[in-house]
Amino acid sequence: MPHIQSGDLVARFYALFEGWGIPWIVPRLIVMLVVVSIIILFISVVAMFLIWWERKISAHIQARFGPMRVGGWHGWAQSIADGVKLLLKEDIIPTRADRPVFILAPMVVFAAALAAYVVIPFGPGLIVEDLNIGILYVIAISSLAVVGIIMAGWSSNNKYAALGALRSAAQAVSYEVPLVISLIGPVLLAGSLSTTKIVEAQRYLWFIVLQPLAFLTYFTCAVAETNRLPFDIPEAESELVAGFHVEYSGMRFAIFFLAEYANMFTVCAIATTVFLGGWRGPLLPPWLWFLLKTFFLLFVMMWLRWTLARVRVDQLMDVAWKVLLPLAFANLGITGLLVWAFS
Amino acid sequence: MTTVNLHLQQVKEQTGESMEEMWVNMGPQHPSTHGVLRLLIKLDGEVVRECIPYMGYMHRCHEKIGENRAYVQIIPYTDRLDYLASMYNNWAYCLACERLMGIQIPERAEYLRVLIGELQRIASHLIWLGTFGLDLGNFTLFMWCFREREMVLDLFEAVSGQRLNYSFMRIGGLALDVPEGWLGDVKAFLQWFKPRLPEYDRLSTDNIIWQKRIQGVGILKPEDAVSYACSGPVLRGSGIRWDLRKNDPYGIYDRFEFDIPVGTSGDVWDRFWVRRQEIDQSVRIVEQALKDIPPGPVLAPVAKKLRAPVGDIYSRVESPRGELGDYIIADGSEKPYRYKVRAPTFVNLSALPVMLPGYLVADAVAVLGSVDIVLCEVDR
Amino acid sequence: MWRYLRELWQGFWSIILSMQITLRYLFTRAVTVQYPEEKRQLPVRALTRHVLTVDLDSKELKCTACDMCARICPANCIHLEGEGKGKARRPKWFVIDHNLCMYCNLCVEVCPFDAISMYTGMYELGGFSRTNLVYDMETMHADGFYPTIMTPRSPAGAGVKAPPPAGAGKQTRKA
Amino acid sequence: MTPLSYYLTLGALLFGIGMFGVLTRRNAIAILMAVELMLNAVNINFIALSRYLPNSTLDGQVFAIFVITVAAAEAAVGLAIVLGLYRNFKTVNVDEINLMKW
Amino acid sequence: MTEVFFFALAVFTVAAALLVVLARNIVHSAVALIFSFCGVAGIYVLLDAEFLAAVQVLIYVGGITILLLFAIMLTTRIASRAEVFNEQVWMSGLVTVGITAILVYASLAGIRVSGEAPAPSETTSALGRLLLTTHVLPFEVASVLLLAAMVGAIILARREGE
Amino acid sequence: MTAEEILQQIRARFASEVRTSEVRRGEATLTVKADQNFEICRFIKEELGFEYLNCLSGVDWIGENEMEVAYAISSLRQPGKIILRARVPRDEPVLRSVVPLWGTADWHEREAFDLFGIRFENHPDLRRILLPEDWIGHPLRKDYQDERFVPYPWDDRKPGSVVRPTTA
């Protein structure tokens with residue numbers, strides 16, 4: 001059963017309720033609710049910041065300003081304004097859409113984005129639940145998001161959306177494989193799937209030094225998994241208009257948008273954890289180090305997006321099966337040999 | 001509405017439809033049809049099997065308007081054909097009228113026309129490069145190209161007062177001489193512009209994704225290109241060295257030294273590469289024109305009420321998009337009896353159903369981008 | 001195998017090169033003009049709203065209602081009616097429908113008295129109704145607008161120094 | 001601690017539901033889905049027994065992994081067959097696909 | 001208190017499974033199947049098999065159902081109103097209910113396990129060790145099976161002339 | 001091949017078909033009867049080697065009660081241009097299609113059909129191209145009347161017509 005390990009506070013909280021004779025489930029539910037609210041709040045703030053940041057980065061790369069009006073200094077409140085606008089917008093469900101699936105799809109996507117945050121170690125002890133299968137858990141959960149995308153694409157009853165969903169399915173199935181295999185190398189080195197243990201194993205040396213190939217493979221797959229340029233073919237606006245979420249508007253669209261950025265943060269946080277030594281770093285507090293590294297990776301993702309053109313579907317598959325998979329396997333083989341040789 | 005979709009229904013009934021093989025409407029509202037073009041595409045999975053273009057959403061009956069206006073009044077309407085190369089449309093129309101009426105225009109006007117026309121070609125190709133980048137998913141290139149294009153527009157605005165629909169040329173020359181110091185501005189612009197081209201190349205020509213995306217797709221064989229009477233970069237991309245500026249020189253193009261870039265295989269890459277090279281060549285022509293532009297008047301003495309002698313003419317120029325022809329029949333009055341525009345993109349677009357089948361949807365976007373259509377010109 | 005690796009490396013390197021140039025651009029100044037706060041300086045010849053020019057001495061409209069502009073207008077957007085005879089002829093009413101205007105400047109070119117001008121710099125013409133864009137005689141010579149005869153169609157723009165276009169002014173900027 | 005029989009009952013129920021689906025559905029893909037349900041039911045039993053039986057090792061879980069492997073293989077091949085059928089017959093309705101040869 | 005979670009998950013799983021079998025729309029079936037799989041993964045967690053739970057989600061949800069949805073999208077229209085069940089539905093139902101009853105009876109009454117085994121601590125490494133020592137032969141056979149399945153699937157799905 | 005030679009060859013081959021012919025601005029222009037237009041075009045393309053159809057346009061000669069299709073033909077290999085005009089009676093404007101010779105004629109002929117109502121036999125897909133499928137009439141005919149068609153008013157300017165009601 002799931003239980004919270006974050007220090008004495010929670011245990012004392014439980015004890016308090018036991019003392020009052022209230023059923024055990026009540027305090028646990030309260031704790032769950034609080035944790036989930038904190039995560040949602042965190043996701044929202046991070047996603048809004050990321051959206052604003054991306055608009056700024058893209059604008060400056062393109063020799064323009066980006067949002068400048070809302071909120072004074074460089075339009076910092078633009079994301080909030082957009083969010084409020086989307087919240088207030090009319091919720092449109094196409095007449096011929098598959099209603100229950102249409103409504104369920106953004107929830108599935110968001111739930112997947114939310115659940116992945118459970119095992120991200122923001123600092124020593126700053127983790128919701130240190131699962132001993134942490135990395136595997138993240139990968140498993142992130143594959144749920146694809147299901148949501150397919151549901152959205154299918155239920156919209158729109159050919160573009162269905163094409164986007166088809167592409168997304170193919171993409172997800174292909175890129176899951178090199179993603180998992182590229183992560184096995186660092187896991188071998190650390191000897192554990194738990195995220196905190198992996199960070200602790202990088203006490204002396206970041207794994208990016210030992211596993212540069214794995215890092216590149218993972219990062220490429222991560223970009224593909226989050227459907228971002230150059231791999232954003234499920235929503236390629238010049239071909240499929242907006243792909244799977246073409247029929248979504250208002251709040252549901254905002255959820256998709258939020259989930260996309262939340263997923264970006266997740267994959268970058270995992271990369272930080274596995275390859276960049278997690279929260280480790282001199283002088284600054286651990287959580288700040290963690291965020292700094294993660295945001296650097298996020299910046300690289302945005303930078304890539306505003307530099308490159310979109311690949312084609314068949315090229316996407318080629319990259320997955322003919323480039324990334326051999327690289328990941330090569331890395332895994334080398335790592336295994338080295339680990340065997342040195343132990 | 002029901003009758004309008006009759007053809008679509010017939011098409012669907014004849015071929016049947018399933019998810020594996022389906023008809024997709026690309027457009028009329030679609031980000032990469034460059035306007036309101038509707039492509040009915042038969043998809044087999046992701047592969048395009050058939051393509052039926054529908055257009056006319058922007059039809060304004062340009063030719064009917066032309067039949068009801070005096071010769072000089074048509075000039076502002078020609079701007080609205082290919083609104084990305086208005087100067088060239090002006091030129092084509094004015095040239096046709098001048099040939100019809102036998103008017104000789106002054107030397108300075110000839111030079112200025114070449115200068116402005118080539119600047120227009122640069123602007124037009126820049127916008128094409130940018131939107132082509134957009135089709136391939138590169139938004140940054142789009143913005144960069146637009147920045148330089150805006151500078152060309154600034155130059156044109158200083159000349160004509162307008163940024164898009166200049167109506168600057170007149171039958172017999174130009175409406176006005178260029179302002180003082182303008183030629184220096186053009187020089188300064190070229191100085192700024194030339195180092196920008198390698199920057200575009202970094203994002204496009206040299207980039208592996210860009211190369212892989214457009215090499216070997218949308219092949220138009222030379223015999224098809226001739227049969228469909230393609231012109232401009234589409235024809236040259238297919239490996240046919242044909243440029244009206246060299247092969248049927250109009251104006252004073254025979255005085256300038258420039259190359260005709262030619263592709264080899266006729267794929268999207270070749271068409272891209274030809275246009276990319278043409279920007280360089282246009283820069284060359286502008287520099288030459290700047291060097292030996294003579295002083296003098298810019299408008300030949302023409303009558304206020306222009307009347308063309310009875311007769312007809314098919315006059316053609318090499319606009320940025322290909323052979324822009326004007327077929328004018330004059331009946332001696334001050335209005336043309338028949339005025340037909342042979343729009344280059346209308347003709348180039350008719351080769352699209354030949355280019356698309358067998359490639360992916362993503363390629364369809366690239367191929368359509370490489371044809372470089374302007375829907376206002378297609379529909380007229 | 002070797003070829004595969006080389007292509008892989010070339011692809012990787014070309015992406016790095018592209019990224020290098022976008023990074024350089026990240027730290028350059030933007031070229032956007034923040035419109036309502038900053039305004040772009042229009043060139044002298046910018047074709048904007050019509051005005052009927054006023055003779056500086058007599059403070060009267062130069063227009064003699066000769067109907068030339070109305071006849072040349074391809075969009076048929078100028079309508080007027082004159083009254084009086086000979087030199088005293090003046091427009092009774094004069095209406096330009098800017099909904100239809102194509103800004104071709106033909107009316108200005110054809111006018112024998114320089115009585116109508118489009119070189120006014122008034123380009124913020126937005127309105128809430130189509131009738132807002134139909135200008136009558138009062139609107140067109142209101143605001144004390146007395147344009148000089150600097151119309152650039154006098155030979156080679158004599159005496160008028162055109163400001164450099166906005167794009168040309170930025171050439172010194174480092175990329 | 002939940003008794004073992006609860007898990008086994010759950011497995012039995014799932015198995016029954018899956019069997020009903022296999023026997024009654026017309027759509028080939030639906031039949032595949034029902035088969036997956038049955039395999040899951042088996043897995044529950046494996047894991048529950050592996051957890052509850054005295055002196056048990058993790059053999060049950062290992063078997064569950066094999067079952068999952070087989071399920072994945074079955075899904076891939078099954079769906080390929082379904083697609084092939086669909087291409088030839090333009091239907092995935094197993095009642096209509098009764099010709100041995102096309 | 002595990003009972004509460006168990007019953008919640010069991011009801012969820014069975015309900016989703018019923019929806020899989022009974023839903024008229026095949027896509028609804030597939031979506032319900034996803035939820036059913038997630039419920040089973042929850043059951044695995046209750047049985048201290050976290051690794052298997054993750055694998056269940058990864059392979060069943062991330063792999064198999066996506067493949068299923070893929071196939072559904074290729075073969076079905078969204079508003080297909082075909083008959084869902086074949087004509088033997090009542091007989092099959094009867095047989096199913098009978099067999100299920102026997103199975104349930106057997107589960108409730110048949111197997112008696114005294115006491116309970118201690119919860120294993122780290123299952124992942126133990127599983128890996130087992131797979132590569134005791135069960136290495138089936139492990140290899142399974143990998144060969146997967147390879148064969150992959151090749152077979154590709155050949156089957158490939159169209160003639162490609 | 002000069003324009004005179006071109007005209008000579010065509011006249012020699014299709015003597016009875018050619019109504020008028022002249023050389024203007026170095027271009028060979030000739031008017032022919034419509035019933036042999038395809039053969040003449042094939043002759044021009046295959047034997048004279050003019051493989052490039054620049055333009056095909058319809059003309060409505062309402063005064064002579066005739067319709068005309070004007071082909072502007074040139075070549076990428078040799079200089080020289082031909083303007084070939086085929087006249088058909090206005091009441092029954094039917095011609096052979098030249099799509100088998102030039103692919104580009106497809107859309108041009110559809111356009112001529114759309115705007116002039118000239119029908120082309122053997123055209124693979126003769127339907128409207130620029131106007132909607134349900135449009136009535138052929139707007140480029142000189143006698144085309146439509147309530148949406150506002151003729152350019154040269155003289156009938158009235159004070160009342162200043163602000164036009166915008167019809168939807």
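Trainee: What makes the pairing of C:Lys39 and C:Glu124 a salt bridge?

Mentor: Their side chains meet at 3.3 Å, N to O. A salt bridge is a side-chain nitrogen of Lys or Arg within 4 Å of a carboxyl oxygen of Asp or Glu, so the pair of C:Lys39 and C:Glu124 qualifies. This is a predicted model, in which local features need pLDDT of at least 70 and side-chain atom pairs count only at pLDDT 80 or more, while totals for chains, interfaces and linings use all residues. Residues are numbered from 1 along each chain as its sequence is written, chains are lettered from A and ligands numbered from 1 in the order in which they are written, and side-chain values use heavy atoms, leaving out hydrogens and water.

Trainee: Why can the pair of C:Lys39 and C:Glu124 be said to tie parts of chain C together?

Mentor: C:Lys39 lies in the loop between α1 (2–26) and β1 (51–52), and C:Glu124 in the loop between β6 (116–117) and β7 (134–135), so the pair joins parts 85 residues apart in sequence. Helices (H or I, at least four residues) and strands (E, at least two) are DSSP runs, numbered from the N terminus.

Trainee: How many salt bridges does the rule find over all chains, and how many across the interface of chain D and chain E?

Mentor: Over all chains the count is 66, but across the interface of D and E it is zero.

Trainee: What shows that chains D and E nevertheless meet?

Mentor: The contact (heavy atoms within 4.5 Å) takes 64 residues from chain D and 79 from chain E. Of the nine pairs of chains in contact, D and E share the most contacts. The area buried between them (accessible area, 1.4 Å probe, lost on being put together, summed over both) is about 6700 Å², 76% of it from carbon and sulfur atoms. By contrast, no contact joins chains C and D, whose closest C-alpha atoms lie 30 Å apart.

Trainee: Why is α2(D) called roughly antiparallel to α3(E)?

Mentor: The axes of α2 (residues 28–52) of chain D and α3 (residues 50–75) of chain E cross at roughly 170 degrees and come within 11 Å. Axes are lines fitted to C-alpha atoms, for helices over the stretch in contact, and angles run from 0 to 180 degrees between N-to-C directions. Angles over 145 degrees count as roughly antiparallel, so α2(D) and α3(E) earn the name. Among the residues that meet are D:Met33 and E:Tyr60.

Trainee: How do you know that α7(B) is also roughly antiparallel to α13(B)?

Mentor: Helix α7 (residues 182–193) and helix α13 (residues 268–291) of chain B pack at about 150 degrees, with axes 11 Å apart; that angle makes them roughly antiparallel.

Note on methods:
Parallel < 35°, antiparallel > 145°, perpendicular 65-115°, else oblique. Buried area = accessible area lost by both parts, 1.4 Å probe.
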